[in-house]
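Could you walk me through this model in the viewer, one selection at a time? I would like to know what to pick next and what I will find there.

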Amino acid sequence: AKEDDDMAGGYTGRILRVNVTDSTSAKEPLDPAMARDYIGGRGFVQKILFDEVPVGADPLGPDNKVVCAPGPLSGVFMPASGKIQFGALSPATGIMGDANMGGHFSAEVKYAGYDAIIIEGMSDRPCVVVVDDDEVSVIDGSKYWGKGSSEAELMIKKDLGEDFQVAVIGPAGENLVVFACIGHDYGRQAGRCGIGAVLGSKKVKAIAVRGTKSLPLADSEAVWRKGQEMFETCFSKPGFKEWTPQGTPGVTPWVNEIGAFPTKNFWTTHFEGHEEIGGEALLERIWLTDKGCFCCPTPCGKYSHTRVGMKDAFVEGPEYETVALIGGNCMLGTIEEVAYGNYLCDELGLDTISGGNVVAFALECAERGIITTEQVGMELRWGDMESF
């Protein structure tokens, strides 16, 4: 009876396993002891990988698995309940790696009735894993292969239904770039550790989930009261109102002032032109509207329109990390250029942190003559959008 009570409080009690080699799936019971000891999210990811992926497995080979796991509060009316964790053996490091993502995917997985989804095996053709409550299928994904992340997400929603939540890779994941990310909701990413490349190695273009189930809460009225209390506490905190308008780029002046802003491949940590790429510039020149994740009291996402030369783009962002690593670190001097770099990375399915670092490294190599114009096909220059 005690174990039944444990499973009723926020857990669906099921794990979904999908093998893309033969397009089979299985629904397995969640061990109550695992729920107590590992809670969910990163804990579930690490536990499953540790138990199931053999030592020395090739991160881009058939033995690796991708685990995505929400937590016991995912989908619940409480602040900060919108995150989901993706994990696998990282192709960038060879050891366990994970990345978390906001948006609405986490809640949808719970509404479909699962505490984790495990993707295993390797498909011989591009595919999409479709989870529609209890109905699970692996469909042909050839028409989406090669498309940018946002373009593919839009296509999948048009084909399956707008109420599906989609996690998708871009061409970088398809081509096994070791810092390829997973995109969702036209601008949210599970960015770190190259989990997108692991999906790419399995030929999985996307995971699409639709759920209509209720959450098994031990006391829904108490959860509602506690959620109200938590939201009110958030709203009354000093500095709360100041956080939302600029989002994470609002910290740019402070980080620059204390000498911690990545600049010119970390040659220095102070960027003279930081005012042109920070939160105020974003609001004044490219911002269109705010965008929030599931049940978040601070919609810090900045949906923006940027124009660089003859090129237009719509993008969620840039976030501070992108401002720092694509802006200061590559010395791009305008918020328009940083946002366009953000858009390029999003569509390709590249983590903007590692992406900015790699480009900055290449720019320094070019400056030192280690990379030549002949090798690249053009001259690489700091602060130049075309070089980026």
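Here is a tour of a predicted model, going from a helix to the spaces around it and then to some single residues.

**Stop 1: helix 5**

Start by selecting residues 149-160, which make up helix 5. The helix has 12 residues, and the distance from its first C-alpha to its last is 16 Å, close to the 16 Å expected at 1.5 Å a residue. Now colour Ser149, Ala152, Glu153, Ile156 and Lys157, the buried residues of this helix. They sit on the same side of helix 5, because they cover an arc of only 135 degrees around the axis. The spacing has a simple background: an α-helix has 3.6 residues a turn, so residues three or four places apart point the same way.

What lies over the buried residues of helix 5? Show strand 7 (127-132), strand 9 (165-168), strand 10 (182-184), strand 12 (204-210) and helix 13 (335-348), which are among the elements that cover them. Before leaving, click on Gly161 just after the helix, where phi is positive at about 140 degrees.

**Stop 2: the cavity beside helix 5**

Stay in this area and look for an enclosed space. The structure holds 1 cavity of 30 Å³ or more, and the volume of the largest cavity is about 40 Å³. To see its lining, select Ser149, Ser150, Glu153, Val168, Gly183, His184, Tyr186, Gly187, Gln189 and Asp346. Helix 5 and strand 10 are the elements that give two or more residues to this lining, and helix 5 gives the most, with 3 residues. By class, the lining of the largest cavity has 2 nonpolar, 6 polar and 2 charged residues.

**Stop 3: Asp185**

Next, pick Asp185 in the loop between strand 10 and strand 11. Is Asp185 buried or exposed? With a relative accessible area of 14%, Asp185 is buried, since the cut-off for buried is under 20%. Leaving aside neighbours within four places in sequence, Asp185 is in contact with Gly103, His104, Glu153, Val166, Lys291 and Glu316. Glu153 should look familiar, as one of the buried residues of helix 5.

**Stop 4: the largest pocket**

Turn to the open spaces. The largest pocket has a volume of about 780 Å³. Of its 36 lining residues, those closest to the centre are Lys83, Arg188, Gln189, Glu319 and Glu321, so select these five. Gln189 also appears in the lining of the largest cavity.

Which elements supply at least two residues each to the lining of the largest pocket? They are strand 5 (96-101), strand 11 (188-190), helix 12 (320-328), helix 13 and helix 14 (352-367). Strand 5 provides the largest share, 4 residues. The lining of the largest pocket counts 13 nonpolar, 13 polar and 10 charged residues.

**Stop 5: helix 14**

From the pocket, move on to helix 14. Its 16 residues should span 22 Å at 1.5 Å a residue, and its end C-alpha atoms are 22 Å apart, which agrees. The buried residues to highlight here include Thr352, Gly355, Val359, Leu363 and Cys365. Helix 12 and helix 13 are among what covers the buried residues of helix 14.

**Stop 6: the second largest pocket**

The second largest pocket has a volume of about 230 Å³. Of the 17 residues that line it, Pro70, Gly71, Ser74, Ala80 and Lys83 are the closest to its centre. The lining of this pocket divides into 7 nonpolar, 8 polar and 2 charged residues.

Zoom in on Ala80, in the loop between strand 3 (66-69) and strand 4 (84-89). Ala80 has a positive phi of about 65 degrees although it is not a glycine, and at 73% relative accessible area it is exposed.

**Stop 7: two more backbone details**

Ser23 also has a positive phi, near 60 degrees. Find Ser23 in the loop between strand 1 (14-19) and strand 2 (24-29), where it is partly exposed at 36% relative accessible area. Then go to Pro318, in the loop between strand 15 (311-316) and helix 12. The peptide bond from Gly317 to Pro318 is cis, with omega near 5 degrees.

**Last stop: Gly200**

Finish with Gly200 in helix 7 (residues 195-201), which counts as buried at 2% relative accessibility. Show Trp145, Ile169, Gly173, Glu174 and Leu176 to see what Gly200 touches, not counting residues up to four places away in sequence.

Technical notes: Residues numbered from 1 in each chain as written. Predicted model: local features only at pLDDT ≥ 70, side-chain atom pairs only at ≥ 80, totals over all residues. Heavy atoms only, no water. Expected span 1.5 Å × (residues − 1). Buried < 20%, exposed > 50% of the residue type's maximum accessible area, 1.4 Å probe, protein only. Arc of directions from axis to C-beta. Contact = heavy atoms within 4.5 Å. 1 Å grid on protein atoms, 1.4 Å probe; cavity = no way out; pocket = protein on both sides within 12 Å on 5 of 7 lines; lining within 4 Å. Points joined across faces, edges and corners; volume = space filled by probe spheres on them. Nonpolar A, V, L, I, M, F, W, Y, C, P; charged D, E, K, R; others polar.
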